[in-house]
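Colleague: I'd like to learn how to read helix packing and a ligand shell in a model like this one. Could you walk me through it?

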Amino acid sequence: MIPKTHHNRAAEMRNIPTRWSAACLALTLIASIALAARKPGKDDGPGAQLSKAPARARSLPNPFMGQSEAAAAGRKLYQQHCAECHGSDGHGLDYAADLHSPAIQDAPPGALFWALRNGRIRKGMPSWSRLPDQQLWQLVTYLKTLH
Ligand code: HEC
């Protein structure tokens with residue numbers, strides 16, 4: 001090992017601010033690119049997905065609308081299948097949608113049913129088509145109690 005001379009150390013000290021600001025610049029750039037990529041577009045969010053439900057699906061009535069037994073069954077299914085991403089209170093964890101949001105609370109039950117069945121795999125929402133329709137409607141009934 002060669003002992004550092006004063007000269008070397010001084011040169012190093014002069015370099016620190018330059019390196020520091022280069023690192024800051026790089027970080028700022030990365031952060032702004034990431035932010036731009038995350039900026040909500042028209043294709044984003046649960047509202048966008050729910051508005052894509054075909055008219056036929058949207059107009060399907062919920063056979064359990066407002067029935068507390070169905071809501072209780074839906075709540076159980078929710079804790080089993082959904083809470084890991086949407087949180088046990090439905091407020092959403094990480095990037096999963098907040099199920100209390102107006103986009104979801106104002107959506108027609110048929111659109112929610114359709115969204116559960118199809119999921120939105122590209123955005124991380126799984127398809128629940130393996131659940132029987134009855135359970136999907138129970139889930140929709142429960143979701144509608146979350147406001
Ligand atoms: C693996 C994580 C995950 C699980 C499990 C999950 N979701 Fe989602 N869910 C998401 C994500 C992520 C979104 C946001 C998708 C988007 O940007 O449109 C979402 C969106 C939604 C939406 C809005 C419609 C849409 O497609 O955007 C509803 C309603 C919903 N989830 C309900 C549920 C219910 C009910 C369950 C349980 C049967 C469930 N989710 C399970 C991750 C999950």
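Colleague: Let me start with a contact: which residues in α4 meet which residues in α8?

Modeller: Happy to help, and please keep in mind that this is a predicted model. On the α4 side the residues are A70, A71, A73, G74, R75, L77 and Y78, and they meet Q135, Q138, L139, T141 and Y142 in α8. Sorted by class, that contact has seven nonpolar, four polar and one charged residues.

Colleague: How should I describe the geometry of such a pair?

Modeller: Two packed helices are described by the angle between their axes and the distance between those axes. Here α4 and α8 pack at an angle of about 100°, and their axes are 7 Å apart. Angles from 65 to 115 degrees count as roughly perpendicular, so α4 is roughly perpendicular to α8.

Colleague: And at what angle do α7 and α8 pack?

Modeller: For α7 (109-118) and helix α8 (residues 133-143), the angle is about 125°, with the axes 9 Å apart. That makes α7 oblique to α8. As for handedness, α7 passes α8 in a right-handed crossing. P109, L112, F113, L116 and R117 of α7 make the contact with L136, W137, L139, V140 and L143 of α8. By class, the residues of this contact are nine nonpolar, no polar and one charged.

Colleague: Now a single residue in α4: why is Q79 exposed?

Modeller: For that, count the neighbours. A residue counts as exposed if 12 or fewer other C-beta atoms lie within 10 Å of its own. Q79 has 12 such atoms within 10 Å, so Q79 is exposed. Q79 lies in helix α4 (residues 68-81). Along the sequence, Q79 and D89 are 10 residues apart, while in space their C-alpha atoms are 9.2 Å apart.

Colleague: Let's turn to the ligand. How many residues surround the ligand, and which are the closest?

Modeller: The ligand is surrounded by 24 residues, and the closest are P46, C82, C85, G124 and M125. A useful next step is to ask which elements supply the shell. α2 (45-50), α4, α5 (83-86) and α7 each give at least two of its residues. The largest share, four residues, comes from α2.

Colleague: What is the chemical make-up of the shell around the ligand?

Modeller: The residues of that shell divide into 16 nonpolar, five polar and three charged.

Colleague: Which helices have come up in both topics?

Modeller: Try α4 and α7: each supplies at least two residues of the shell around the ligand, and α4 packs with α8, as does α7.

Technical notes: Residues numbered from 1 in each chain as written. Predicted model: local features only at pLDDT ≥ 70, side-chain atom pairs only at ≥ 80, totals over all residues. Buried ≥ 20, exposed ≤ 12 C-beta atoms within 10 Å, placed from the backbone. Near = placed C-beta within 6 Å. Nonpolar A, V, L, I, M, F, W, Y, C, P; charged D, E, K, R; others polar. Axes fitted to C-alpha atoms, helices over the stretch in contact; angles between N-to-C directions. Parallel < 35°, antiparallel > 145°, perpendicular 65-115°, else oblique. Left-handed = near helix turned anticlockwise from the far one by under 90°. Contact = placed C-beta atoms within 7 Å.
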